[in-house]
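This report looks at a few local features of one protein chain, and it takes them in turn: paired strands, aromatic rings and a pocket. Please keep the structure in view while reading.

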Amino acid sequence: MDFKTLLDKQDFDIEDIVRLLDCNPAEEALLFAKADEVRLANVGNGVYGRALIELTNYCKKDCYYCGIRKSNKSVERYMLDFEQVKYAIHLASDSGIGSMAIQSGELSSPEFTDFVIRILNYAKSIDPNLGITLSCGEQSPETYKKWFDAGAERYLLRIEVSDEETYYNFHPNNELHSFQNRLSCLQSIRDAGFQTGTGVMIGLPGQTVESLAKDVVFMRDFNIHMCGMGPFIPCNGTPMENAKSPFEDLVGMSLRMIAVMRIVMKDINIVASTAMETIHPQGRSRAIQAGANVVMPNVNPLEHRKKYKLYEKIPTGIIDSVDSLINAAYAPIPEGYHLILNQKGTAPHYLKEHLI
Ligand code: SAH
């Protein structure tokens, strides 16, 4: 089958996806054009913005790739206080960006659960239309439900690596890092009613085009509503600080993963991640052109942003006003696309599932 015919298929098996990911430069141009066509037909040329705060870098886990892993003693730990979070909520609300995302290291104390509830209650009290995404790791089904009931509507929990055996090359093999638990958390997130997001890192040692194709199939079969993927970037002070990407062209492979996800899942939300920008100066713009439709400008106070170091990253500009937030959201958006304001930015994939 020629590449163009392959792109027009409605159902893709693993071999098809391998071929899409493993394409030559001429085919890659066709792949990106197809992804853009699918994107325009299903989610249009708008891009949703989420104001991102990184609530805390305290973490009880020890994932080998992550800069804020528990064993990394060189990290100065912080927890934003309520006033700092309030400031970010007002910024997000006043800007009309439509939604915010709260990410954190993994904590499961009742105090932390309640702190998140307090934040959600406050956000909903000042702006019931502000969409809120949480990305605070593995929690109990009860906690997910409490957070959903307090007004969070989306949850992002990356599976990171969708193959159980390979998962333990990147995580300690113990109860706190159980693949099966991560899977059941994803299910609990969906069961709680959240718009459910997951994703993987691209460029992990030992990864192959076949394993990435399986990741795509995993996300499709789980029928996710949102996808957040990005390149793996080594972080000093972690067991993987010297790890090398198995892909010579990591930027290209990351973009092809985005394009394939858009073609396979059509109407989900896909993030143009900050990690993309770290490995290429126009990484997020190119991600948008390859099918991504969400950007997440970071509104954390600068001193904390430096401490939330998952990987070696380039510092981004200060966001301390409505104008600077809107400018930061617009910055990566290429010609032909625009920032959508005053909407929560729910993926059509979720709307269709819940309105029919
Ligand atoms: N504790 C939360 C949020 C984790 S940080 C959770 O477990 O879901 C968000 C994401 O950053 C992770 O899911 C992981 O995919 C990514 N990440 C961590 N370390 C990274 C690295 N070195 N390079 C690229 N991405 C990384």
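Which residue in β3 is the bridge partner of I53? The model shown here is a predicted one, and in it the bridge partner of I53 in β3 is I102. This bridge belongs to the pairing of strand β2, residues 51-54, with strand β3, residues 99-103, which run parallel and are joined by four bridges. Within β2, the residues A51 and I53 point one way while L52 and E54 point the other way, and all of them are buried.

**Aromatic rings**

A pair of aromatic rings is described by the distance of the centres and the angle of the planes. The count of aromatic pairs in this model comes to 10, and two of them are set out in the table.

| Ring pair | Distance of centres | Angle of planes | Kind |
|---|---|---|---|
| Y155 and F194 | 5.5 Å | 65° | edge-to-face |
| Y167 and F179 | 5.2 Å | 65° | edge-to-face |

Planes over 60 degrees apart count as edge-to-face, and the pair of Y155 and F194 is therefore given this name, with its planes at 65°. This pair links distant parts of the chain, since Y155 lies in strand β5 (residues 154-156) and F194 in the loop between α8 (179-192) and β6 (195-198), 39 residues apart. Both Y155 and F194 are buried.

The rings of Y167 and F179 also have their planes at 65°, so that this pair, too, is edge-to-face. Because Y167 lies in helix α7 (residues 164-167) and F179 in helix α8, the pair ties together parts that are 12 residues apart in sequence. Both Y167 and F179 are buried.

Ring pairs also link several residues into a cluster, whose members are F112, Y144, W147, F148, Y155 and F194. A ring can have a charged neighbour as well: R118 lies over the face of F82, at 3.8 Å from the ring centre.

**The second largest pocket**

What lines the second largest pocket? Its lining consists of V161, S162, D163, T166, F170, L204, G206, Q207, S211, K214 and D215, and about 150 Å³ of space lies in this pocket. When the lining residues are divided by character, three are nonpolar, five are polar and three are charged. Helix α9, residues 209-222, gives the largest share of the lining, namely three residues.

Terms used:
Residues are numbered from 1 along each chain as its sequence is written. This is a predicted model: local features need pLDDT of at least 70, side-chain atom pairs count only at pLDDT 80 or more; totals for chains, interfaces and linings use all residues. Side-chain values use heavy atoms; hydrogens and water are left out. On a 1 Å grid over the protein atoms alone, a cavity is a set of points where a 1.4 Å probe fits but cannot get out, and a pocket is an open set with protein on both sides within 12 Å along at least five of seven lines; lining residues have an atom within 4 Å of a point. Grid points are joined across faces, edges and corners, and a volume is the space filled by probe spheres set on the points. Helices (H or I, at least four residues) and strands (E, at least two) are DSSP runs, numbered from the N terminus. Ala, Val, Leu, Ile, Met, Phe, Trp, Tyr, Cys and Pro count as nonpolar, Asp, Glu, Lys and Arg as charged, and the others, Gly among them, as polar. Rings of Phe, Tyr and Trp (its six-membered ring) pair if their centres lie within 6.5 Å; planes under 30 degrees apart count as stacked, over 60 as edge-to-face and the rest as tilted. Buried means under 20% relative accessible area, exposed over 50%, partly exposed in between (1.4 Å probe, protein chains only). A charge sits over a ring if NZ of Lys or CZ of Arg is within 6 Å of the ring centre and within 35 degrees of the ring normal. Two strands pair if DSSP finds at least two bridges between them.
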